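Welcome! Take a moment to look over the sequence and the 3D view, and then let us walk through a few places worth visiting.

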Amino acid sequence: MSTALAYALHRPSGTFEPTEITRRELGSNDVRIKILFAGICHSDIHTAREEWGKVNYPLVPGHEIAGIVEAIGSSVTTHAVGDRVGVGCMVNSCRVCENCLAGHEQYCAKGNVGTYNSKDLDGTITQGGYATSVVVDAHFVLKIPAGISLDVAAPLLCAGITMFSPLKRWGTGPGKKVAILGLGGLGHMGVKLAAAMGAEVTILSRTSAKESDAAALGATNFVVTEPAALRELRSSFDLIINTVSASINAETYLSLLRFNGTLANVGVSPEPLSTRFSPLAQNNRVLAASGIGGIAETQEMLDFCAANGVGASIETIAANEIDAAYDRVVASDVRYRFVIDISTFTA
Ligand code: NAP
Ligand code: ZN
Ligand code: ZN
């Protein structure tokens with residue numbers, strides 16, 4: 001076993017405190033990573049504040065991990081000491097079910113093992129990336145290509161893949177009109193990726209506060225989600241990806257889809273996503289949802305980002321700023337992802 005210095009929450013309403021945690025002994029298929037950067041995803045906050053159910057405290061969140069390989073197990077051939085690597089939202093799965101074998105480990109029939117607050121196959125509870133190191137099965141360790149610096153790569157491990165997967169699945173490319181609903185961590189990656197894939201991108205946001213960033217992110221249009229403005233957009237998009245961290249009116253956004261269009265949800269809605277028959281049937285529309293992406297697809301996304309010069313837009317923070325960053329994410333006051341500089345961790 002090894003120890004790591006982590007920043008942990010000890011109760012839902014607590015503040016982050018330096019806490020020593022243990023990492024498992026390096027197994028033959030494991031990689032030990034010195035973590036340099038960890039992104040803050042809204043899912044960390046939902047989990048930490050028990051908005052998604054009971055949590056095992058102390059909790060070390062963090063599933064947007066970037067760092068350097070420190071040690072490898074005797075059977076590991078895919079990674080070497082000194083490699084630049086990343087870890088996303090899962091660290092294990094059964095590896096033998098139909099979905100795992102097809103490369104969709106996130107949909108493992110037995111449930112994937114989340115990077116934190118999840119029971120690992122050995123029965124221990126996983127702890128995430130707000131820590132100086134982590135031990136992960138080599139299969140779940142991604143290569144961060146040269147050309148993307150580790151700080152802007154970290155958010156790709158969740159926000160990047162969560163957007164890349166539905167963008168690809170629903171055919172984003174030249175000639176397609178894509179709208180991204182909610183311009184936060186996921187949303188801004190969606191805009192950059194959809195633009196890099198060649199689509200015409202519209203941002204749908206609650207206020208005009210972020211309008212001046214639209215062009216730099218790669219969007220052609222920016223629309224404030226007011227009824228009159230949305231009425232103008234009826235039957236106009238091939239794909240809308242909803243990244244909102246609250247409930248939305250599904251029918252409002254379904255009505256904006258043209259023939260065969262898809263409303264793909266990745267924001268976790270606390271309420272049912274409901275629609276009457278006609279807003280869905282009209283134009284042969286699809287209502288969909290997805291969770292992150294598989295390991296091979298995550299590597300494909302990282303390689304795509306390197307080839308296209310795509311990285312997250314980040315604000316780097318120190319260990320003592322995590323609590324304030326959580327409040328700022330909830331207030332939508334982030335441009336567009338907080339990334340913790342793990343070198344600032346002190347006991
Ligand atoms: P974020 O940075 O907070 O962005 C969410 C955006 O949604 C905000 O910037 C805001 O955009 C909009 N929004 C927030 N509250 C809203 C409200 N009450 N009504 C309408 N719009 C609101 O969060 P994130 O990290 O991108 O995560 C977004 C959601 O995706 C979270 O629920 C997270 O748990 C979930 N998630 C899902 C997956 C998956 O695999 N499916 C993966 C990661 C995260 P505007 O200010 O532009 O309106
Ligand atoms: Zn996430
Ligand atoms: Zn499986």
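A good place to begin is ligand 1, where a nitrogen atom lies 2.9 Å from a backbone N or O atom of S290. Please keep in mind that this is a predicted model. Two further backbone contacts involve oxygen atoms of the ligand, and the table sets the three side by side.

| Residue (backbone atom) | Atom of ligand 1 | Distance |
|---|---|---|
| S290 | nitrogen | 2.9 Å |
| I292 | oxygen | 2.8 Å |
| G184 | oxygen | 3.4 Å |

Around ligand 1 there are 28 residues, and the closest are H42, S43, S205, K210 and R337.

One of these neighbours, R337, deserves a second look. R337 belongs to strand β17, which covers residues 337–341. Is R337 buried or exposed? With a relative accessible area of 4%, R337 is buried, because that value is under the 20% limit. Its side chain also reaches the backbone oxygen of I40, at a distance of 3.4 Å.

Next comes the metal site. Which residues coordinate the zinc ion (ligand 2)? The donors are C41 through SG, H63 through NE2 and C158 through SG, at 2.0 to 2.3 Å. Along the sequence, these donor residues follow the spacing C-x21-H-x94-C. The two cysteines link distant parts of the chain, 117 residues apart. C41 sits in the loop between β3 (30–39) and α1 (42–48), while C158 sits in the loop between α3 (150–153) and α4 (159–169). Both ends of this link are buried: C41 has a relative accessible area of 2%, and C158 has one of 5%.

Now for the empty spaces. The model has one cavity of 30 Å³ or more, and the volume of the largest cavity is about 70 Å³. Its lining is made up of G88, C89, M90, L142, L157, I161, I292, G293, I295 and T298. I292 may look familiar, as its backbone has a polar atom 2.8 Å from an oxygen atom of ligand 1. Sorted by class, the cavity lining has seven nonpolar and three polar residues, with no charged ones.

The second largest pocket holds about 330 Å³ of space. It is lined by 17 residues, and those nearest its centre are T22, R23, R24, T124 and I125. Two elements, β2 (17–23) and β8 (133–137), give two or more residues each to this lining. The largest share, four residues, comes from β8. By class, the pocket lining divides into seven nonpolar, five polar and five charged residues.

Finally, the backbone has some spots to visit. Most residues other than glycine have a negative phi, and most peptide bonds are trans. Where are the cis peptide bonds to look at here? One joins Y57 and P58, with omega at about -5 degrees, and P58 lies in the loop between α1 and β4 (65–72). Another joins R335 and Y336, with omega at about -10 degrees. Y336 is in the loop between α11 (322–330) and β17, the strand that holds R337.

Two residues that are not glycine have a positive phi: S235 at about 55 degrees and N260 near 65 degrees. S235 is placed in the loop between α7 (227–231) and β13 (237–242), whereas N260 lies in strand β14, residues 257–265. S235 is partly exposed, with a relative accessible area of 37%, and N260 is partly exposed too, at 41%.

Definitions and conventions. Residues numbered from 1 in each chain as written. Chains lettered and ligands numbered in written order. Predicted model: local features only at pLDDT ≥ 70, side-chain atom pairs only at ≥ 80, totals over all residues. Heavy atoms only, no water. Donors = N, O, S within 2.8 Å, 3.2 Å for Na, K, Ca; no water. Buried < 20%, exposed > 50% of the residue type's maximum accessible area, 1.4 Å probe, protein only. 1 Å grid on protein atoms, 1.4 Å probe; cavity = no way out; pocket = protein on both sides within 12 Å on 5 of 7 lines; lining within 4 Å. Points joined across faces, edges and corners; volume = space filled by probe spheres on them. Nonpolar A, V, L, I, M, F, W, Y, C, P; charged D, E, K, R; others polar. Near = heavy atom within 4 Å. Polar contact = N/O pair within 3.5 Å; in protein donor to acceptor, adjacent residues only side chain to side chain.
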